[in-house]
Amino acid sequence: MTEAERLAQLFEQEERLQFTKFDNETALALGRQMLDAAADRGLALTISIRRNGQRLFHAALPGTSADNDGWIDRKSRVVDRYGHSSFLVGTQFRANGGSFEQHSRLDLGDYAAHGGVFPVLVRGVGPVGTVGVSGLPQAEDHAFVVEQLERFLGA
């Protein structure tokens with residue numbers, strides 16, 4: 001798959017995977033679903049769901065460390081800044097012939113355009129938070145989040 005093809009797929013995911021509402025109960029239900037799925041597969045993942053900067057759900061499965069928390073924070077800042085998934089942002093920089101690290105002019109200690117954090121999009125409103133994981137290679141982190149959103153939203 002070319003970067004342009006991947007970019008089209010990532011934009012399509014964001015268009016399709018939108019909530020009609022997103023409150024604390026929604027975040028907790030999604031978080032529990034993600035936690036159960038990761039535990040059932042034996043995945044070493046840290047999971048974080050935030051709304052407007054408030055962490056509504058956070059869990060770290062065995063095999064994770066504080067480094068995973070740092071990765072989620074850095075990827076979440078990218079989503080907050082750009083309004084798109086961290087994987088989409090990194091892919092967009094590559095599709096334009098560069099890299100996020102070279103061309104974003106952001107502090108890489110605070111920002112990481114690596115896959116794994118997806119915007120919480122409310123239809124008719126836009127981005128209101130983030131849902132993300134850390135622990136797998138970036139494409140797998142992203143795929144896990146998308147899979148769980150598809151299941152949760154019935155998309």
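**Close-up views of the predicted model**

**View 1. The open four-stranded sheet.** In this predicted model, 4 strands build an open sheet in the order 2-1-4-3, and their pairing is antiparallel. Strand 2 (54-60) and strand 3 (117-122) are the edge strands, each pairing on one side only. On average, neighbouring strands of the sheet are turned by 15° against each other, direction ignored.

**View 2. Pairing of strand 1 with strand 2.** Strand 1 covers residues 46-51. Strand 1 and strand 2 pair in the antiparallel sense over 6 bridges. Ile47 has Ala59 in strand 2 as its bridge partner.

**View 3. Helices on the sheet.** Helix 2 (residues 24-41) lies across strand 1, strand 2 and strand 4 (126-134). Helix 2 runs at about 15° to strand 2. Helix 6 (residues 138-153) also packs on the sheet, where it touches strand 3 and strand 4. The direction of helix 6 makes about 125° with that of strand 4.

**View 4. Asn52 in the loop between strand 1 and strand 2.** The loop between these two strands holds Asn52. Asn52 is not a glycine, yet its phi is positive, at about 50°. Is Asn52 buried or exposed? Asn52 is exposed: its relative accessible area is 65%, and the cut-off for exposed is over 50%.

**View 5. Arg105 in the loop between helix 5 and strand 3.** Arg105 lies after helix 5 (100-103), in the loop that leads to strand 3. Arg105 has a positive phi of about 60° although it is not a glycine. The relative accessible area of Arg105 is 81%, so this residue counts as exposed.

**View 6. Helix 4 and its cover.** Helix 4 spans residues 86-95 and is mostly covered. How many of its 10 residues are buried? The count is 7. They are Ser86, Phe87, Leu88, Val89, Gly90, Thr91 and Phe93. Which elements cover the buried residues of helix 4? They include helix 1 (3-16), helix 3 (66-82) and helix 5. Strand 3 and helix 6 are also among them. Strand 3 is thus shared with View 1, as an edge strand of the sheet. Helix 6 is shared with View 3, as a helix packed on the sheet.

**View 7. The residue Gly97.** Gly97 comes just after helix 4. Its phi is positive, at about 90°.

Conventions: Residues numbered from 1 in each chain as written. Predicted model: local features only at pLDDT ≥ 70, side-chain atom pairs only at ≥ 80, totals over all residues. Heavy atoms only, no water. Pairing = 2+ DSSP bridges. Axes fitted to C-alpha atoms, helices over the stretch in contact; angles between N-to-C directions. Contact = heavy atoms within 4.5 Å. Buried < 20%, exposed > 50% of the residue type's maximum accessible area, 1.4 Å probe, protein only.
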